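Biologist: I should be grateful for a close look at one part of this model, namely the contact between chains. Please set that part in the context of the chain itself, and state how far the prediction may be relied upon.

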There are 4 protein chains.
Amino acid sequence: MTSQKSKAAPKPAAKAPQRERGRARVAALLDAAAQVFARDGYEGATMTAVAKHAGASIGSLYQFFPTKPLIAEALYAREMEALSTALAEAAQGGPWRLDDLAEQLFAALIGYVWKHPALAIISDRRRADAKPRRGQPSNLRDQLAALLAQARPKPTADEARRAAWLIHVLSKGASAAKVNEDPQYAMLMAELRAMLRARLSHD
Amino acid sequence: MTSQKSKAAPKPAAKAPQRERGRARVAALLDAAAQVFARDGYEGATMTAVAKHAGASIGSLYQFFPTKPLIAEALYAREMEALSTALAEAAQGGPWRLDDLAEQLFAALIGYVWKHPALAIISDRRRADAKPRRGQPSNLRDQLAALLAQARPKPTADEARRAAWLIHVLSKGASAAKVNEDPQYAMLMAELRAMLRARLSHD
Amino acid sequence: MTSQKSKAAPKPAAKAPQRERGRARVAALLDAAAQVFARDGYEGATMTAVAKHAGASIGSLYQFFPTKPLIAEALYAREMEALSTALAEAAQGGPWRLDDLAEQLFAALIGYVWKHPALAIISDRRRADAKPRRGQPSNLRDQLAALLAQARPKPTADEARRAAWLIHVLSKGASAAKVNEDPQYAMLMAELRAMLRARLSHD
Amino acid sequence: MTSQKSKAAPKPAAKAPQRERGRARVAALLDAAAQVFARDGYEGATMTAVAKHAGASIGSLYQFFPTKPLIAEALYAREMEALSTALAEAAQGGPWRLDDLAEQLFAALIGYVWKHPALAIISDRRRADAKPRRGQPSNLRDQLAALLAQARPKPTADEARRAAWLIHVLSKGASAAKVNEDPQYAMLMAELRAMLRARLSHD
DNA sequence: TATGAATGAGATTTCATTCAT
DNA sequence: GATGAATGAAATCTCATTCAT
């Protein structure tokens, strides 16, 4: 934190790279950021560490991401994009019954989150930073609901929303409880899937 | 001054107060720490802020808690103690059926965690700092299992463990998904409770 | 912020400057450190004072010397290098008789130490910090012995070692007793030189 | 360092204890100080460490020694007293020849200093703190000279002073070079004694 | 654009000393 | 007197960010 700039300060934004070379560098920087955030947490991660991890100089990092929050935002956007794609792929090939589809989405979501630990960390921080506005919608939940709406027989909007919410909550629980680090891993996952399916398959 | 300590360096520990005044001060410091951790997160919380919040000087804080991790540990211990008590109370007055008892414990756990947001923050950090040793047991889960073992008819050890695990995962999910900040709060909680009960009351 | 580093913590080392500007800065910082150590002693010297003396910001100092011991080490290395050179020069132009050479080295050593008071201070501290391992060899003594071995007639290894040790002890005595601050300075030095020469010139 | 007192401030002094109990406590505190100074150096020694070492409370320490310099001064006085006595004892039983007496005094001085490492540390600091006044006399040297004056045949005042100075310088050298930690200890000491005796017994 | 040096606010921590009981 | 808590100036160290080349 250095000088409190008193001029208008046209809020800085991550600059899009102009050349091929630049695009590669940005990708490398984001990869590095993901690793460092995952290892050290958001506050624990230093800009210097990110740059070094990417094999770039600190100056170079700042060329593309003028502040620390901006790199987090950019990483978040990239990860959410990829997650979106992964979920969409998991819903391919249908139509599926609601419970089957939910199970597949749950598995895909959990799988993605475990392979991209930085995502959870940045999401947390975003939530922490956001003004505590009630009921702010989860984009993730919306997307899940949209995908679930493609089940057959077609669920009502409410049913889809409810299923999306269940998937969301269970996946959070599984991540937070570090289910993947438990030796009983397979059994526990089966348990969660069964719980989800049971709750949906009906009554 | 500070001096490079070549002197044994007998890893610092929280000093126990010996006078009534000290005891009060320690309690106040822990209260302040809980608030600041809850508000700013572990890394975001500063020792200065904790001291100020407690109406103490920075030196006073360091007299009892010579490092930031130590105050986190002390707070964690105090919170876990209280949580233990709360859970034990929730299990009073039985005997209960397993699904009823589980539901009560779930409600008690969720309730406690929501009233003590610092606990989640510190738990997270402890896990993050711990060497990534596989399958290290959760004391909380053990205690839940022990309480659940008192259900009637008596569950097997495996059943108790499984129930404890479900409670744990669902509570994590509920916290992480900030269920309590959702306008639909009551309905969602009911949903979770039903899911838990259904999974236990059995197959 | 500061963050409890759970990250490997790869023991910090003085960073070598990569640019001309950095090299100049490092030299200035070491010069400043020498002055401040000489004036205030090791413990009394503050990083802030060193930085200010060098006309650098505290951050700049820490960029190159991340801890106080590290700057002391770097200064020690630089001084020992220079002392080495000075002693080698004093031994030039031989061959000399052992007692003559010893006298010259003694004078050179004393002269250097008096012009570089920080060296004695840092040496002291290094010894104090070192694990009390018996008989750890003095590099200085080794170098003196090597130079003395060039005397003619050639001394035995033992004779050279003994002479080196005498020079070392007498120089320590002269420094510690602050002979150079005594009004009788010239006479006292002559006395010491005579003592050394008498002890070597034989028998 | 706390408040800058603006009142006259009647310079604090070590308070003499009134009762038997107090005398014992003062002795214990000085013993503790000696150990801690020896281990950590003057700056590195903390008042808290001294108090703990003595099994006293910090408040109790300050009762007798209101500042850190004062405890150093008191310790210095006690040590110098004891050293004086030791030297006087070493000179007993004469008359001796000058070289014999010098050798005995040298041995006694070295022996005392090695058994009381705090003395060297405090002496250093006193010198460091003293305004750099030229030629300020060494009380120790004066006492040595006085004792040496009792040799037979009676030395001139100059001879006694010269011998005292040699003893002083050699003892400093031996301490600084940590002769006592060298495996060759006995041989090295013999060397020093021989050097001293040769220089005196004379020319 | 790339690089590494420079900056300084602010965080953690220490410790001599004073105060209240 | 004795005890332990309280204080705060000052020291060490960190790191996001800016600058100069």
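Modeller: Of the 203 residues in chain A, 33% are buried. The model is a predicted one, and the description of chain A is therefore best begun with its fold and its confidence before the contact surfaces are taken up.

The secondary structure of chain A consists of nine helices, with zero strands. In sequence order the pattern reads α-α-α-α-α-α-α-α-α. Among the contacts of chain A that join residues at least 6 apart in sequence, 65% link residues at least 24 apart.

As to confidence, the average pLDDT of chain A is 87, and 87% of the residues score at least 70. Among the helices of chain A, α2 (residues 47–53) has the highest confidence, with a mean of 97, and α6 (residues 117–129) has the lowest, with a mean of 87. Residues 1–9 of chain A stand apart from this picture: pLDDT stays under 50 there, and the model gives this segment zero contacts beyond four places in sequence.

Chain A is also divided into domains. Domain 1 covers 15–66, whereas domain 2 is assembled from 76–129 and 138–203. The centres of these two domains of chain A, taken over C-alpha atoms, are separated by 29 Å. Where the domains touch, six residues of domain 1 of chain A are in contact with six residues of domain 2 of chain A. The domain 1 side of this contact holds five nonpolar residues, one polar residue and no charged residues.

The contact between chains A and B may now be considered. It involves 22 residues of chain A and 22 residues of chain B. On the chain A side, α1 (20–44), α8 (157–176) and α9 (185–201) each supply at least two residues. The most is given by α8(A), with eight residues. By class, this side of chain A comprises 11 nonpolar, five polar and six charged residues.

The relation between the two copies can be stated in geometric terms. A turn of 179 degrees, with a shift of 0.1 Å along the axis, lays chain A on chain B with an RMSD of 0.2 Å. Of the residues of chain A, A:Gly173 comes closest to the rotation axis, its C-alpha lying at 1.8 Å. The same surface serves both copies, since 100% of the contact residues of chain A recur in chain B.

Chains C and D provide a second pair. Here 22 residues of chain D are in contact with 22 residues of chain C. The elements of chain D that give two or more residues to this side are α1 (20–44), α8 (157–176) and α9 (185–201). Among them, α8(D) gives the most, with eight residues. The class composition of the chain D side is 11 nonpolar, five polar and six charged residues.

Chain D can be laid on chain C with an RMSD of 0.2 Å by a turn of 179 degrees and a shift of 0.2 Å along the axis. The two copies are therefore related as by a two-fold rotation axis. D:Gly173 comes closest to that axis among the residues of chain D, at 1.8 Å for its C-alpha. Here too the same surface serves both copies, with 100% of the contact residues of chain D recurring in chain C.

Helix α8 merits a separate description in chain C. α8(C), residues 157–176, has 20 residues and reaches 28 Å from its first C-alpha to its last, close to the 28 Å expected at 1.5 Å a residue. Of its 20 residues, 16 are buried, so α8(C) is largely enclosed by the rest of the structure. After this helix comes C:Lys178, which has a positive phi, near 50 degrees.

A single residue of chain B completes the account. B:Met80 belongs to helix α4 (residues 68–90) of chain B. This residue has 16 other C-beta atoms within 10 Å; a buried residue would have 20 or more and an exposed one 12 or fewer, so B:Met80 is partly exposed. Its C-alpha atom lies 9.9 Å from that of B:Ser123, although the two residues are 43 residues apart along the chain.

Key. Residues are numbered from 1 along each chain as its sequence is written. Chains are lettered from A and ligands numbered from 1 in the order in which they are written. This is a predicted model: local features need pLDDT of at least 70, side-chain atom pairs count only at pLDDT 80 or more; totals for chains, interfaces and linings use all residues. Copies are superposed by least squares on the C-alpha atoms of residues with pLDDT of at least 70 in both. Two residues are in contact if their C-beta atoms, placed from the backbone, lie within 7 Å. Domain bounds come from an automatic or database domain assignment. Ala, Val, Leu, Ile, Met, Phe, Trp, Tyr, Cys and Pro count as nonpolar, Asp, Glu, Lys and Arg as charged, and the others, Gly among them, as polar. Helices (H or I, at least four residues) and strands (E, at least two) are DSSP runs, numbered from the N terminus. pLDDT is the predictor's confidence in each residue, from 0 to 100. The expected span of a helix is 1.5 Å times one less than its number of residues.
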